[in-house]
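This report looks at how selected helices pack against one another and at the empty space left between the atoms. The sequence and the model come first, and the description follows.

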Amino acid sequence: MEPIYQCCYTNATQSAGDKVTSGWQTTAVSPDIPRDALETCVKLQNANAPLCANAVDERGNVLALWEILGDGSYLYVIQTQFGLTDRLGRPNMFSHAVIFPLRNNRDIFWNPNFFLALHPSCFLRGGDRLTWENTPAYATSLSLETAMRWARLDRERYAALVRCVYAQSSGPKGTEPLYIEYDGTARQLRGLLTCIYGGIPWYMRRNLRIASCPTANDGGKNLVFSQNARTKASYLIPQTGENNILTSRIERRIHRYGFIDHAVRELPLEEFPSHFERLEKTAACLGDVSASNSQVLKLAFYFWTRPDMSAYTDEELESNLSDALRLPPADNQLLENFLTRMLREVKRRGLRLTDESKALLNAWMAATKSEELKAAGR
């Protein structure tokens with residue numbers, strides 16, 4: 001497990017001789033925190049400062065906001081306690097972030113409990129310093145089976161949840177958050193979060209931005225949990241599958257890609273971690289080091305779940321070949337082997353390439369050193 005860092009942020013008081021000043025600042029920061037993580041964390045925490053004047057939850061209580069915010073490199077688990085005041089009696093907050101590096105951190109992807117099961121005692125609500133040093137306390141871990149029960153999901157509703165999360169996170173920049181309805185309890189919230197992080201590909205986990213309650217700072221979030229989700233522009237009721245985000249076009253794309261909801265539809269729960277790791281590694285071997293390109297993930301999914309290309313429909317074969325040819329020509333044995341097999345199958349069936357695919361194939365033929373690929377492409 002990689003080191004874990006912390007950063008607290010509040011409007012604090014400082015004394016220098018006879019002079020007393022106050023202002024927004026960090027406190028109780030891990031001394032070895034990487035600079036990029038600290039800078040990003042402060043921006044995320046400071047974004048909630050304007051909420052101080054009237055921060056209440058959906059029941060009208062003083063807001064304690066939980067956020068899980070990924071930026072691709074780190075995962076920031078942040079609790080922000082509102083309803084405080086500074087030394088002058090002005091509204092204040094105390095934000096405490098626990099930060100997990102994502103690079104080379106297999107553990108956090110295999111077991112989301114590493115960041116979802118943090119004990120409430122880990123988070124300050126103002127004032128004191130933490131007692132743990134890179135070793136937070138944990139509550140009981142949650143299995144996917146238990147999480148589904150807490151979230152009140154069956155496999156069909158679980159698949160709908162995953163498809164809705166994909167639909168929102170794959171939308172253009174500035175897409176409205178997806179509001180997910182829940183009963184307001186920490187139990188159901190944790191169950192839903194465990195199902196989400198346990199049931200989606202790793203690349204999506206790296207970048208999801210989630211909040212436990214609607215606020216005026218919802219912009220830039222992917223998912224916001226709400227007890228009144230139906231009143232929002234985009235919503236999902238997980239227990240029924242009712243939503244207004246899954247269009248027929250998105251459903252067709254999800255079906256074409258295959259990898260998005262395959263695990264929740266087809267696999268035993270205990271196989272989820274190894275399935276997503278293999279998907280990630282295969283995509284990386286095909287040339288997508290970050291494993292975030294949907295077309296490459298689709299190719300990776302077909303490559304190892306459906307190795308018999310004779311079982312592909314013509315549409316699947318043509319689509320996968322087109323996606324593979326769009327990748328920059330590279331000296332990549334695995335990708336070249338995949339292309340060779342697809343081109344041979346295209347010839348066997350007597351299919352004709354589109355003009356675009358012909359042009360892309362010519363670029364590959366000019367760049368490749370593989371005699372097998374050259375022969376298949378003639």
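Contact here means heavy atoms within 4.5 Å. The model is a predicted one, and the values below are computed from it.

**Helix packing**

By that cut-off, Asp314, Leu317, Asn320, Leu321, Ala324 and Leu325 in H12 meet a set of residues in H13 that consists of Leu335, Leu339, Met342, Leu343, Glu345, Val346 and Arg349. Sorted by class, this contact of H12 with H13 has nine nonpolar, one polar and three charged residues. Helix H13 covers residues 333-349, and its axis lies 10 Å from that of H12, at an angle of about 140 degrees. H12 and H13 are therefore oblique to each other, and H12 passes H13 in a left-handed crossing.

H12, which spans residues 314-326, also packs against helix H14 of residues 355-367, here at an angle of about 45 degrees and with the axes 9 Å apart. H12 and H14 are therefore likewise oblique to each other, and the crossing of H12 past H14 is left-handed. On the H12 side the contact is made by Ser322, Ala324, Leu325 and Arg326, while H14 contributes Glu356, Ser357, Leu360, Leu361 and Trp364. The residues of this contact of H12 with H14 comprise five nonpolar, two polar and two charged. Ala324 and Leu325 of H12 thus appear in the contact with H13 and again in the contact with H14.

A further pair is formed by helix H4, residues 144-151, and H6, whose axes come within 7 Å and cross at roughly 130 degrees. That angle makes H4 oblique to H6, and H4 passes H6 in a left-handed crossing. From H4, the residues Leu144, Ala147, Met148, Trp150 and Ala151 meet Arg187, Gln188, Arg190, Gly191, Leu192, Thr194, Cys195 and Gly198 of H6. By class, the residues of the contact of H4 with H6 divide into seven nonpolar, four polar and two charged.

The three helix pairs are set out below.

| Helix pair | Angle between axes | Axis distance |
|---|---|---|
| H4 and H6 | roughly 130 degrees | within 7 Å |
| H12 and H14 | about 45 degrees | 9 Å |
| H12 and H13 | about 140 degrees | 10 Å |

**Pocket and cavity**

Helix H6 has a part in the empty space as well, and the account now turns to the largest pocket, whose volume is about 780 Å³. The residues closest to the centre of this pocket, out of the 33 that line it, are Trp66, Thr185, Ala186, Leu189 and Ser212. Strand S3 (64-70), helix H3 (113-116), helix H6 (186-199) and strand S7 (209-211) each supply at least two residues of the lining. H6 gives the largest share, five residues. The lining of the largest pocket divides into 21 nonpolar, five polar and seven charged residues.

How many cavities of 30 Å³ or more are there? The count comes to one cavity of 30 Å³ or more, and the largest cavity has a volume of about 40 Å³. Leu75, Leu102, Ile108, Phe109, Phe115, Tyr197 and Arg205 line the largest cavity, which by class amounts to six nonpolar, no polar and one charged residues. Among these lining residues, Phe115 belongs to the stretch 113-116 of helix H3, and Tyr197 to the stretch 186-199 of helix H6.

Definitions and conventions:
Residues are numbered from 1 along each chain as its sequence is written. This is a predicted model: local features need pLDDT of at least 70, side-chain atom pairs count only at pLDDT 80 or more; totals for chains, interfaces and linings use all residues. Side-chain values use heavy atoms; hydrogens and water are left out. On a 1 Å grid over the protein atoms alone, a cavity is a set of points where a 1.4 Å probe fits but cannot get out, and a pocket is an open set with protein on both sides within 12 Å along at least five of seven lines; lining residues have an atom within 4 Å of a point. Grid points are joined across faces, edges and corners, and a volume is the space filled by probe spheres set on the points. Helices (H or I, at least four residues) and strands (E, at least two) are DSSP runs, numbered from the N terminus. Ala, Val, Leu, Ile, Met, Phe, Trp, Tyr, Cys and Pro count as nonpolar, Asp, Glu, Lys and Arg as charged, and the others, Gly among them, as polar. Axes are lines fitted to C-alpha atoms, for helices over the stretch in contact, and angles run from 0 to 180 degrees between N-to-C directions. Angles under 35 degrees count as roughly parallel, over 145 as roughly antiparallel, 65 to 115 as roughly perpendicular and the rest as oblique. A crossing is left-handed if the near helix is turned anticlockwise from the far one by less than a right angle, and right-handed if clockwise.
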